[in-house]
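Open the model in your viewer and show the side chains. The stops below are meant to be selected in order.

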Amino acid sequence: MLAWTDALVLQGGRASDALFEAVHEHFSDEDILELTYHVMSYNLHAVMCKALRLEFDDVDERIREVPIPAEGGVADWR
């Protein structure tokens, strides 16, 4: 179930046939459809809130690229 969720969200729905078969061993077609619907609905909500800056923690991205110091110098992490 978690691998299926990862494929839906992180791989844009490009789940392999092998993964689908593994999920289908444990869940019915209806269960897979329902799980997929709920996962993608949550993903839609999360992406829209981020794009429209509606998040409760409306801040700029916390992860920043730190440039490599020139000629082996020390990076300024501030």
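Which exposed residues does the face of helix 1 turned away from its buried side carry? Select helix 1 (2-10) in this predicted model. The face in question holds L2 and L10, both exposed.

Now select W4, A7 and L8, the buried residues of helix 1. These three lie on the same side of helix 1, because the arc they cover around the axis is only 95 degrees. An α-helix has 3.6 residues a turn, so residues three or four places apart point the same way. To see what covers the buried residues of helix 1, add helix 2 and helix 3, which are among the covering parts.

Extend the selection to L19, V23, I32, L35 and V39. Together with W4, A7 and L8 they make up the largest nonpolar core, which has 8 residues. Helix 1 (2-10), helix 2 (17-24) and helix 3 each give two or more residues to this core.

Keep W4 and show what surrounds its side chain and backbone. Beyond its neighbours within four places in sequence, W4 is in contact with A15, L19, F20, V23, I32, L35 and T36.

Next, go to G12, just after helix 1. Its phi is positive, at about 65 degrees.

For the last stop, select L44, M48, L52 and L54. They form a nonpolar patch on the surface, and their accessible area together is about 420 Å². Within this patch, L52 belongs to the segment after helix 3 (29-51). L52 counts as exposed because its relative accessible area is 54%, and the cut-off for exposed is over 50%.

Notes. Residues are numbered from 1 along each chain as its sequence is written. This is a predicted model: local features need pLDDT of at least 70, side-chain atom pairs count only at pLDDT 80 or more; totals for chains, interfaces and linings use all residues. Side-chain values use heavy atoms; hydrogens and water are left out. Patches are made of residues with over 30% relative accessible area and no salt bridge: like charges are joined within 9 Å, nonpolar side chains (Val, Leu, Ile, Met, Phe, Trp, Tyr) within 5 Å. Accessible areas come from the Shrake-Rupley method with a 1.4 Å probe; for residues, only the protein chains shown count as cover. A salt bridge is a side-chain nitrogen of Lys or Arg within 4 Å of a carboxyl oxygen of Asp or Glu. Helices (H or I, at least four residues) and strands (E, at least two) are DSSP runs, numbered from the N terminus. Buried means under 20% relative accessible area, exposed over 50%, partly exposed in between (1.4 Å probe, protein chains only). A nonpolar core is a set of buried Ala, Val, Leu, Ile, Met, Phe, Trp, Tyr and Cys residues joined through side-chain atoms within 4.5 Å. Contact means heavy atoms within 4.5 Å. The arc is that of the directions from the helix axis to the C-beta atoms.
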